[in-house]
Amino acid sequence: MSWKKDCASALRSVEELEEKIQLSAAERDYFHIKQDTFRCAVPLYYLSLIEDSENDPIRLQAIPRIEEFTVKPFECTDPLGEASYKVTDRLIHRYRDRALFLATDTCAMYCRHCFRRNFTGQHEGPAGDTEVEAAVNYVSSHPEITEIIFSGGDPLMLDTKVLEGYLARFKAVRSGLVLRVGTRMPVVMPSRIDAALVSMLSEYKPLFIMTQFNHPRECTAESMKAVSALIDAGIPVLNQAVLLKNINDNADTLEILFHCLVRNRIKPYYLFQGDLAPGTSHLRAPLGEGLRLMKELRGRVSGLALPVYAVDLPCGGGKVPLTEQYITGKTEKGWELTDASGRTFLYPEV
Ligand SMILES: *Cc1c(COP(=O)(O)O)cnc(C)c1O
Ligand code: SF4
């Protein structure tokens, strides 16, 4: 199980990082502030994708910077407002027909833009027996739920056997349940997609893998091989990219990314506007910029290659596609967005 070694060898401290890479002042300073920080882990594989400059798109996603301590007044620890939709310790039921299960809170890499940072990496660990049972019981008494989304953290941090136990327990509730597993492993640690995992997952169809490629340089021979193994085993792979400032916020980069994904049989599903998680403003592209990019891309790429540009409305408003129908106003404070039920929300122009 080489992926366990790959997890163990991920770089977590300033000393470990400095042995492998020359840190900039902004990066080094992050580690010198003694304050509660979002954990750091950079797998050696992902580190090897970094080229040189301080503004390298791989580097910006992996290596923390001092800017993470800049918290804007409108940023909040629960930007998705999920607390109010938590129906058990680990289950979030916000949309009628689907529920999201927080399988574990660890990740192979801690993405610096992570918007679940209030949960991710907080040492909660894998869901325990009673937590799984509570979630399974809830799903069993709610027949309107037809899909379970395994999320976290990264569910593929669990041992294959442990994950199989969770999948089996949900599947036992109703055999028709559709399963989704949200994971960044194909991108940050393709070695995790080993034969045992692929064959286990293929026993739980219909099962979809939702991954997160954000930049064309992440589409390497290794990551594409991992994805192919899943798809060849009958497991569709969809991509949920995040729009990130100085990383992928230009039409050329996104066009290359989406084409590359489709060529490798991955359907670009969402492009997310950055959520208002604390300390992420240096990575958040303005919403207006995202709209401009989507308009340009619509003329350039096929429908198959084009994801839906969407945002999770601040304060638990839910996901809405960023199209004219939902954008009802713009003031100097920001964008006024309206959800399907007519409630309005303000998304600040960062
Ligand atoms: C994103 C999300 C889903 C899935 O939404 P889709 O639009 O179906 O992809 C489900 N539950 C929660 C809580 C979510 O945040
Ligand atoms: S893999 Fe997902 S949950 Fe984990 S740090 Fe990255 S964005 Fe956050």
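**View 1. Asn 214 and its side-chain polar contacts in the predicted model.** Let's start with the side chain of Asn 214, which makes a polar contact of 3.1 Å with the side chain of Gln 61. A second polar contact, of 2.8 Å, links the side chains of Asn 214 and Gln 212. As for its place in the fold, Asn 214 sits in the loop between S6 and helix H10 (221–232).

**View 2. The surroundings of Asn 214.** Is Asn 214 buried or exposed? Its relative accessible area is 0%, so Asn 214 counts as buried, a term that applies under 20%. Leaving aside residues up to four places away in sequence, Asn 214 touches Gln 61, His 113, Arg 184, Gln 240, Ala 241, Val 242, Leu 244, Asn 248 and Leu 257. Gln 61 thus appears again here, as a residue that Asn 214 touches.

**View 3. Helix H7, residues 160–171.** Here is a friendly check on helix geometry. With twelve residues at 1.5 Å a residue, H7 should span 16 Å, and its end C-alpha atoms are indeed 16 Å apart, so expectation and model agree. The buried residues of H7 are Thr 160, Leu 163, Tyr 166, Leu 167, Phe 170 and Lys 171. Seen down the helix axis, these buried residues fall within an arc of 130°, which means that they line one face of H7.

**View 4. What the buried residues of H7 pack against.** The partners include three helices and strands met early in the list: strand S3 (98–104), helix H6 (129–140) and strand S4 (147–152). Strand S5 (178–182), helix H9 (195–201) and strand S6 (207–211) are also packed against by the buried residues of H7.

**View 5. The largest pocket.** This pocket holds about 860 Å³ of space. Its lining has 38 residues, and those closest to the centre are Leu 100, Phe 115, Arg 116, Ser 151 and Gln 240. Which elements give two or more residues to the lining? They are strand S2 (91–95), S3, S4, S5, S6, strand S7 (237–242) and strand S8 (267–272). S4 provides the largest share, with four residues.

**View 6. The largest cavity.** A search of the whole structure turns up one cavity of 30 Å³ or more. The largest cavity has a volume of about 70 Å³. Around it are His 113, Phe 115, Val 242, Leu 243, Leu 244, Gly 274, Asp 275, Ala 277, Thr 280, Leu 283 and Arg 284. Keep an eye on Phe 115: this cavity-lining residue is also among those closest to the centre of the largest pocket.

Note on methods:
Residues are numbered from 1 along each chain as its sequence is written. Chains are lettered from A and ligands numbered from 1 in the order in which they are written. This is a predicted model: local features need pLDDT of at least 70, side-chain atom pairs count only at pLDDT 80 or more; totals for chains, interfaces and linings use all residues. Side-chain values use heavy atoms; hydrogens and water are left out. The expected span of a helix is 1.5 Å times one less than its number of residues. Buried means under 20% relative accessible area, exposed over 50%, partly exposed in between (1.4 Å probe, protein chains only). The arc is that of the directions from the helix axis to the C-beta atoms. Contact means heavy atoms within 4.5 Å. A polar contact is a pair of N or O atoms within 3.5 Å; within protein, one must be able to donate a hydrogen and the other to accept it, and residues adjacent in sequence count only if both atoms are side-chain atoms. On a 1 Å grid over the protein atoms alone, a cavity is a set of points where a 1.4 Å probe fits but cannot get out, and a pocket is an open set with protein on both sides within 12 Å along at least five of seven lines; lining residues have an atom within 4 Å of a point. Grid points are joined across faces, edges and corners, and a volume is the space filled by probe spheres set on the points.
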